[in-house]
Amino acid sequence: MIAKIYSSAVAGIDAYVVQVEVDIARGLPAFSTVGLPEGAVRESKDRVKSAIKNSGFEFPSHRITVNLAPADIKKEGSAFDLPIAVGILAATDLIASSLVSAYLILGELSLNGEIKPIRGTLPTALSVKRNGFQGLIIPEANALEASVVDGIEIIPARSLGQVTEFLNGFHSITPLAQNQERVFSGAQSYPFDFNEVKGQEHVKRALEIAAAGGHNIIMVGPPGSGKTMLAQRLPTILPNLTFEEALETSKIYSVMGLMPHDQALITTRPFRSPHHTVSDAGLIGGGQFPRPGEVSLAHNGVLFLDELPEFKKNVLEVLRQPLEDGRVTIARAVTSLTYPARFMLVAAMNPCPCGFQSDPQRECQCTFPQIQRYKSKISGPLLDRIDLQVEVPTVKFKDLASPAGEESSSTIRERVMAARERQKDRFQSKTIFCNAQMGPRQIKKFCPLDAESQSLLEKAMDYLGLSARAYHRILKISRTIADLENIPDIRPHQVSEAIQYRNLDRRLI
């Protein structure tokens, strides 16, 4: 007898329906799985056999063939355990097959029949709604994550026996429903705040401009000057995630199995800080079965690269595509996957190998060739893609000991959100959302300069030897500063401030 069960698999960050066909025929006992199964899928036969027996059912001693369709796409992971087990029980008339076709079924089985959590639940739930299924039967640990998708039944299951009784109508399982508004309540709850940062007013100003326009930024300063502390607080002044942004970000974390068990969605801006030993596949994504990398995990948030020159040069160079396009394409012989990767890059570095070249209190021990070799690890093309370049000096004692209160993140975020609203109105008929995403056509239209501003920028280009890309960066930053000041036209003082955020170009290259 043949039974058909519907399950799902993930390609990129989207899911597609997989039909699990189970055929039980007469012959010597055998269990074969076809449809390009990989290691964990091939091993499922042993888990399924033990789970069925330990759940009180008799495992058929016949020839069992399991087909995973479409058969031309590789299947990997342990989520097919439960649908295969349900298919075997349905093929032996132990489960009513009429109800089985209404649900997508996923789950990993333990040997005693318990159902363990899996990856990619949220994309699967969206696939259920998109393909018109009644609901989704998934592990109880993943139910909260899938419940944010309305219009479908989310059936949390603990064991194979419970699923069998539910499908036979002997036991009811209350579908888990989630209130999207309640999920988003308290979305901007961060453990950090800018009022904890003493001094560094000009760096805070640069971070505010970066947040207002979505610009990338690099901070250069000696150890202990507060670069990491400042970077960690950048997400606290960014606009709140929209539901669409939260859903897309959560899909990435769901595919990676990184969704917190007590959260239905990622509701705060991600902050990712990979170690400088990360590989290019770890940063961009890849592997035998391509997975998102750190740039995708930072989607709609912040990617912080501390000690930037310590990263391998080939790792830094692969950042060019996501910085320009906002996505990463991973090509393989049989498939090509695209992951979203629109993030703000925040980099930090020392001015020299010892770190004290710009410190007035400590003497630098580095030779000139050492400093040049250290700085040359960052290529000109990569530096051109970083809009703001800021020097972070050592914090003075009077700033640290000052009892005066610092500006809070909520106050700064109000100005940032006001500037973002002006950009939203400006780009409402476009496919971009902030100044950093403007192309040459938008820059020409929205960043006109008067004669005085043009003369000022021309002198700066000649003196600093800036590239054409740096020229466009200055115009974008000037536009953002004007938005923060609620001024429709770019003025010379805004261009002047934007130019000072490019004064590291010559010294770093």
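Here are a few points to help you find your way around this predicted model.

1. A good place to begin is helix H19, which covers residues 409–426 and has 18 residues. From its first C-alpha to its last, H19 reaches 25 Å, close to the 26 Å expected at 1.5 Å a residue.

2. Next, look at which side chains of H19 are hidden. Ser409, Ile412, Arg413, Val416, Ala419, Arg420, Gln423 and Arg426 are buried. Viewed down the axis of H19, the buried residues fall within an arc of 125°, so they line one face of the helix. Glu414 and Asp425, on the other side of H19, are exposed.

3. What do the buried residues of H19 pack against? Their partners are helix H9 (201–213), helix H20 (440–446) and helix H22 (468–484).

4. Helix H3 (residues 81–91) is worth a visit too, beginning with its packing against helix H7 (residues 160–168). The angle between H3 and H7 is about 50°, and their axes lie 11 Å apart. That makes H3 oblique to H7, and the crossing is right-handed. On the H3 side the contact is made by Leu82, Ala85, Val86 and Leu89, and on the H7 side by Leu160, Val163, Thr164 and Leu167.

5. H3 also packs with helix H2 (residues 44–54), at an angle of about 55° and with the axes 10 Å apart. H2 and H3 are therefore oblique to each other, and their crossing is right-handed. Here H2 contributes Ser44, Arg47, Val48 and Ile52 to the contact, while H3 contributes Asp81, Ile84, Ala85, Ile88 and Leu89. If you are tracing H3, note that Ala85 and Leu89 appear in this contact with H2 and in the contact with H7.

6. Now for a loop: Pro488 sits between H22 and helix H23 (492–500). Is Pro488 buried or exposed? With a relative accessibility of 64%, Pro488 counts as exposed, because the cut-off for exposed is over 50%. Its C-alpha atom is separated by 9.8 Å from that of Cys447, and the two residues are 41 residues apart along the chain.

7. Finally, find Gly132 in the loop between helix H5 (121–130) and strand E8 (135–139). Gly132 has 62% relative accessibility and so counts as exposed. Between the C-alpha atoms of Gly132 and Val48 there is a separation of 28 Å, with their positions 84 residues apart along the chain counted as the distance apart. Val48 is one of the H2 residues that make the contact with H3.

How values were computed. Residues numbered from 1 in each chain as written. Predicted model: local features only at pLDDT ≥ 70, side-chain atom pairs only at ≥ 80, totals over all residues. Heavy atoms only, no water. Helix = DSSP H or I, 4+ residues; strand = E, 2+ residues; numbered from the N terminus. Expected span 1.5 Å × (residues − 1). Buried < 20%, exposed > 50% of the residue type's maximum accessible area, 1.4 Å probe, protein only. Arc of directions from axis to C-beta. Contact = heavy atoms within 4.5 Å. Axes fitted to C-alpha atoms, helices over the stretch in contact; angles between N-to-C directions. Parallel < 35°, antiparallel > 145°, perpendicular 65-115°, else oblique. Left-handed = near helix turned anticlockwise from the far one by under 90°.
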